[in-house]
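Hi everyone, thanks for coming. I'd like to walk you through a few local details of a model, so please have the structure open on your screens.

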Amino acid sequence: MDEQALLGLNPNADASYQQRALAYFEQLKESPDAWQVCAESLAKGLYSDDHVKFFCFQVLEHQIKFRHGALSAAQQQLFRETLMKWLQTQMMNSQPEKAFIRNKAAQVFALTFVAEYLTQWPKFFFDILSLIGLNPRGVDLYLRMLMAIDAEVVDRDIHHSSEARPTFKETRRNTLIKDTMREQCIPSLVESWYRILHTYQHTHSELTCQCLEVVGAYVSWIDLSLIANDRFVNLLLSHMSVEVLREEACDCLFEIVNKGMDPVDKTKLVESLCQVLQSAGFFNVEQEDDVDFVAKFSKLVNGMGQSLITSWTKLAKAGDMKNSQETLRALETKVPLMLQLLVHEDDDISANIVGFCYDYLHVLKQLPLLTDHQKANVEAIMLAVMKKLTYDDEYNFENEGEDEAMFVEYRKQLKLLLDRLAQVSPELLLEAVRRVFTSTMQSWQTAPFMEVEVAIRLLYMLGEALPASQGAHFSGDGAKASALQDMMRMLVTCGVSEYQHTSVTLEFFETVVRYDKFFIVEPQHIPNVLMAFLDHRGLRHSSPKVRSRVAYLFSRYVKTLHKHMNAFIEDILSQLQDLLDLSPPENGYPPLLTSDDQLFVFETVGVLIVNSEYTAQRKQALMRNLLDPLMGTFKLLLGKLLLEQDEERQSALADCLNHAVGFASRTSKAFSNKQTVKQCGCSEVYLDCLQTFLPALSCPVQKEVLRSGVRTFLHRMIICLEEEVLPFIPSASEHMLKDCEAKDLQEFIPLINQITAKFKGQVSPFLQQVFMPLVQAIFEVLARPAEENDQTAALEKQMLRRSYFGFIQTITGSGMNEVMGSQGVENIEQVLFTIIQGAVDFPDPIAQKTCFIILSKLVELWGGKDGLVGFPDFIYKHIVPACFLTPLKPTFDLSDAQTVLTLSECALTLKMIHLKRGPEFIHYLQQEYLPSLQVSPDIIQELCQVLQQPDSKVLKSYLKAFFQRAKL
C-alpha cells in the first residue's frame, strides 16, 4: 500500500496529505484486486493505526456493495475466509479494537451476509457461532453484526440505497432473507441470545445490554413464542432488578408487548408480565429515584396499556363479549399505575404515558354508560392534567431554551388529553375547571403565578375543548353558556389583569380575545378591558414580548367589538397617538413597539375610524390626522436618503420609508372596496399618499426595498380607489421596469395582472404601450449569464419564467387580443416562440401547463377564418409539434400529477385546433405530421377518431396511454 498516502488518513495530517489519501482511496475502490491487499492487511494485523484499519474496511465495504458480482467464486471464497480470519484474531488480541472499527467491521459482515446468505453462505450464522463460542470479544462483534443486519434487512428507518426508499428488488430480497432465516436459523440465534444473557448478566453488563437490544430489534418479525415463554421472560424480568440492565430490559419487554398477536393471547401475556412486575414492587413508582429507569418503565406501561386497548377493540368488534369484558377489566386495573405515572413530577415520565391515557379515554367514550369507578378515573385524569399543565419555578420566560420548548410541546400533549376529556364528559370538565378557576381568582393576590396562569389557561382551553360554532359560546347550551359567562365576568372584574407576571398577563389577554363574543352579551365590561389593553398592563407593559402580542390581540378585539366602542374612539386614538409615530433611525432610543407591531396598531385605528358613527367629514379629518404625519416624515426621509452616502444609513432610511408605506397600506385594510372609501370621504387622502410615495420609485439607491413597499401599496389602492389609480400606473410602471432584477419583475407582474383582470378594456391602451417594454425587460433578465451551480439564480429565473407566462395568460384570457395583436409582426413572433419554447424546452410542468393554456386561447382568438394573418401556418409548424414533442420528452413524467395536468391542457389545445381548423387539421395529421413521427397507420386512424369525438375526457385518457406506449 502507498504508505505516504496512508499518512493522510490521520485527521491531524496536513491538507496535501489528506488530499493524497482521498485520491488513493478512490484509486483503490476502482482497482479490481485492491480489496485483497486490504483484507490481508486486516487478517494479518499488518497495521496498528486505527485510521488505516478503518480505511481498509471502507475499501471492503465498497467492494461488497458495488463490485461483488464481478468476483469469481474463488475470490468470493477468499473474501469470506479473510473476514473469518480477522474475526478469529479479534478473539485472541490483548486489546479490543475501537468501537468505530468494530461497527464498520460489523457493517461489512452484514453486507456480505445480505449478498451471500441466500446463495453462497447459507451457514453464515453457524460459522460465526461455532467460531466465537462465548468468547466476549467474539460475542460483542456477533451482536454488532446482528444489529447491522437488522439495519440492512429490517429497519424501516434505514435508506437502503441512494433512493429514499428500498427498491422493489431490495424489498423482495429482504423478505426472502427473513423467511429463510425464520426457517433455518432463528431458533439457534434465540438460543445463542439466551446463553449470552444467562452467561454475562452478572459479569458483563455491556454485552448483556447489547444482547437485549438485539432481542428487542428482532422480536418484531420472528416467532414470538421463541421469546414470550417462561424461560426467556423470567430471565428478562430478573434483569429488571439489576440496575445496569433494567433500562435495556424494559425496552426489550416493550418490544415484546408491542408485537402483533392474537388479542386473547396478548391480554394473557400482558397480565402475566404485570403480575410479576407488581409482585416485584415495580408498581410503586413513587419510591423509585432513578428517573431514567422510570421513564423507560412508563414507556413499557404505555405499551402494555395500548396493547390491551387494541385487544379490547378487536374483541369488541368481533362480538366476543366474554373476552372483551375480561380485557376491559384487565385494562381498568392498570389505570391507578397510569395515573401515578401521569402525575409524576418528571415531565418525560408523564409524557410517555399520555398515549395510554388518551386511548383509555377513547374507550370510555365508546361505552354506553360509565360506572362510578370509571367516572372517578375520568376525574382523576382531569386533576392530573390540570396539575401537570402548571409551569414550574425553573421555567425561564425571558430566555426560553430547549427545556422550555420541551415543556411547551408537553403542554400540547396535555391539551389533547383535555380535549378528549371534554368528549367523554363535558359537564365534568366544565365543573372541574370552574371550581379551580373560581377558587384561584378569589385569592389571586396571594397565589403563586403558576397557579393563576394555569387557572386562566384552563378557561382558555375550554374554548377548543367544548367547541361552539364560530365562537358562539354564550348562546345555545344554557348551563355551559352561563358557566363560561360567570368565569369571564370574574376574569375581567376580579383585577387579575394587574398580576405582575408576563405569563399571567398574556394569558389574560389571550382569553379575553378568545371569548370576545362575551362582550357582546355584557358590553359593560368593554371600558375596563380597553384600559387594560392601552395602559401598563398591555401596550405599555415593561416586556416587549407582551407589548408585541397585545398589539396583535388588540386588533382582533377591536375588529369584533368596534360597534360597541363608539363612545371611546377619541379616547383610544389619543392614547395610541405616540405609538403611531414613525421612529426615524437617528432617534437613538428604542420605540415601545416594533414596526411589525405598529402595523397592527395602524390597522386597528383604521378599523375604528372607518366603522365609527362619525360623519364622513369627521372620518376624513381623523384619517388625515393619521396619514399626514406619515407623508410628512416620508418626504423628509426620502430627501435625506438621496443625499446619504453611507450604505448602512441608506439601508436604515430605506427600511423606515418602507415602514411608512406599509403603515398607510395597513390602514386601508379597514375598507373592503371603493364604495366604503368614498363613503368615508377618504379617497383624497389616499391619492395624496400615492403622490407622496411614488417618487421613491425613481430613487437610485435601495431600489429593492422601496419598490417592494410601493408595489404593495399600489395593490391595495387598486382595490380601494379602483380607476382613480389608473393615471398613476404608467409612470410607476416605467420606473419599476428600469434596472430591475428577476425578483423585481416577478413581483411587478402580479400588479399588472391585477390591473388587467380588474379593468380589462379600460387599460388596453396602457397595456399595448407597456407590453413590449415589460417583455423585453423579462427577456433581458432571463438572458443574463449565471454561475452553473447557482441554485438561487436558477430558481429565480424559473419563477420569473412562470410569472411571464402567467402575464401572457392573463392578457389572452381577458379577451384583449388587441394588446398582443398591435405589437407588430416581429414582436408577436418573438413572443409566440417563447411560448412554444416554454411548452417544449423547459422541464417545468407548471410553466408548460400555462403555455398550453395560452396556445389554446390564441388558437381560439386567431386560429379561425378571420384570425391573424399567417397564424394558421404557425399552428401547423409549431403548435401541433409542441403538442406531441413535449409529452415525448424524457423529462415529461406521466406518473407526476402536475405533468398529467399539462397533458390535459395539451389535449385541449389539440381539441381547439380541431374546432377552429376542422377536417383540414385531421388531414394534416393523417397525411403529413404523424407519418413523419413514424406512427403506424392504424394508430393514426385511431387517434384522429378520438380527436373528433365531442368528449375531451376521452382524448385526455387516450393521449396518456398513447404517450406511455410511445415511451416504452
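Let's begin on the outside of one helix: the face of α20 turned away from its buried side carries two exposed residues, Glu427 and Gln442. Before going further, please keep in mind that this is a predicted model.

So what sits on the buried side of α20? The buried residues there are Leu429, Leu430, Ala432, Val433, Phe437, Thr440 and Met441. If you look down the axis of α20, these buried residues fall within an arc of 165°, so they line one face of the helix. And which helices do they pack against? The partners are α18 (372–388), α19 (402–424), α21 (449–465) and α22 (478–493). You can also check the length of α20, which covers residues 426–442. At 1.5 Å a residue, its 17 residues should span 24 Å, and the end C-alpha atoms are indeed 24 Å apart, so the two values agree.

Now slide along to helix α25, residues 526–534. Its buried residues are Ile526, Val529, Leu530, Ala532, Phe533 and Leu534. They pack against α22, and also against α23 (502–514), α24 (518–521), α26 (544–561) and α27 (569–576). You will remember α22 as one of the helices that the buried residues of α20 pack against.

Next, a pair of helices. Two packed helices are described by the angle between their axes and the distance between the axes. For α42 (residues 897–917) and α43 (residues 919–932), the angle is about 120° and the axes are 6 Å apart. That makes α42 oblique to α43. Who makes the contact? From α42 we have Leu910, Ile913, His914 and Arg917, and from α43 there are Pro919, Glu920, Phe921 and Ile922. Sorted by type, the residues of this contact are five nonpolar, one polar and two charged.

While we are on α42, find Leu903, which is found in that helix. Is Leu903 buried or exposed? With 2% relative accessibility, Leu903 counts as buried. Setting aside neighbours within four places in sequence, Leu903 is in contact with Pro887, Phe892, Leu894, Leu959, Lys960 and Phe963. Take Phe963 from that list: it is 60 residues from Leu903 along the chain, and their C-alpha atoms are separated by 9.8 Å.

For another residue in a helix, go to Gln306 in α15, residues 291–317. Gln306 is partly exposed, at a relative accessible area of 28%. Not counting residues up to four places away in sequence, Gln306 touches Gly355, Phe356 and Asp359. The C-alpha atom of Tyr358 is 9.5 Å from that of Gln306, with the two positions 52 residues apart along the chain.

Last stop, the backbone. Most residues other than glycine have a negative phi. With that in mind, look at Glu722, which is not a glycine yet has a positive phi of about 50°. Where is Glu722? It lies in the loop between α33 (703–720) and α34 (729–736), and its 22% relative accessibility makes it partly exposed. Then there is Lys760, whose phi is also positive, near 40°. Lys760 is in the loop between α35 (742–759) and α36 (764–783), and is partly exposed with a relative accessible area of 40%.

That's my tour. Thanks for listening, and I'm happy to take questions!

Notes
Residues are numbered from 1 along each chain as its sequence is written. This is a predicted model: local features need pLDDT of at least 70, side-chain atom pairs count only at pLDDT 80 or more; totals for chains, interfaces and linings use all residues. Side-chain values use heavy atoms; hydrogens and water are left out. Axes are lines fitted to C-alpha atoms, for helices over the stretch in contact, and angles run from 0 to 180 degrees between N-to-C directions. Helices (H or I, at least four residues) and strands (E, at least two) are DSSP runs, numbered from the N terminus. Angles under 35 degrees count as roughly parallel, over 145 as roughly antiparallel, 65 to 115 as roughly perpendicular and the rest as oblique. Contact means heavy atoms within 4.5 Å. Ala, Val, Leu, Ile, Met, Phe, Trp, Tyr, Cys and Pro count as nonpolar, Asp, Glu, Lys and Arg as charged, and the others, Gly among them, as polar. The expected span of a helix is 1.5 Å times one less than its number of residues. Buried means under 20% relative accessible area, exposed over 50%, partly exposed in between (1.4 Å probe, protein chains only). The arc is that of the directions from the helix axis to the C-beta atoms.
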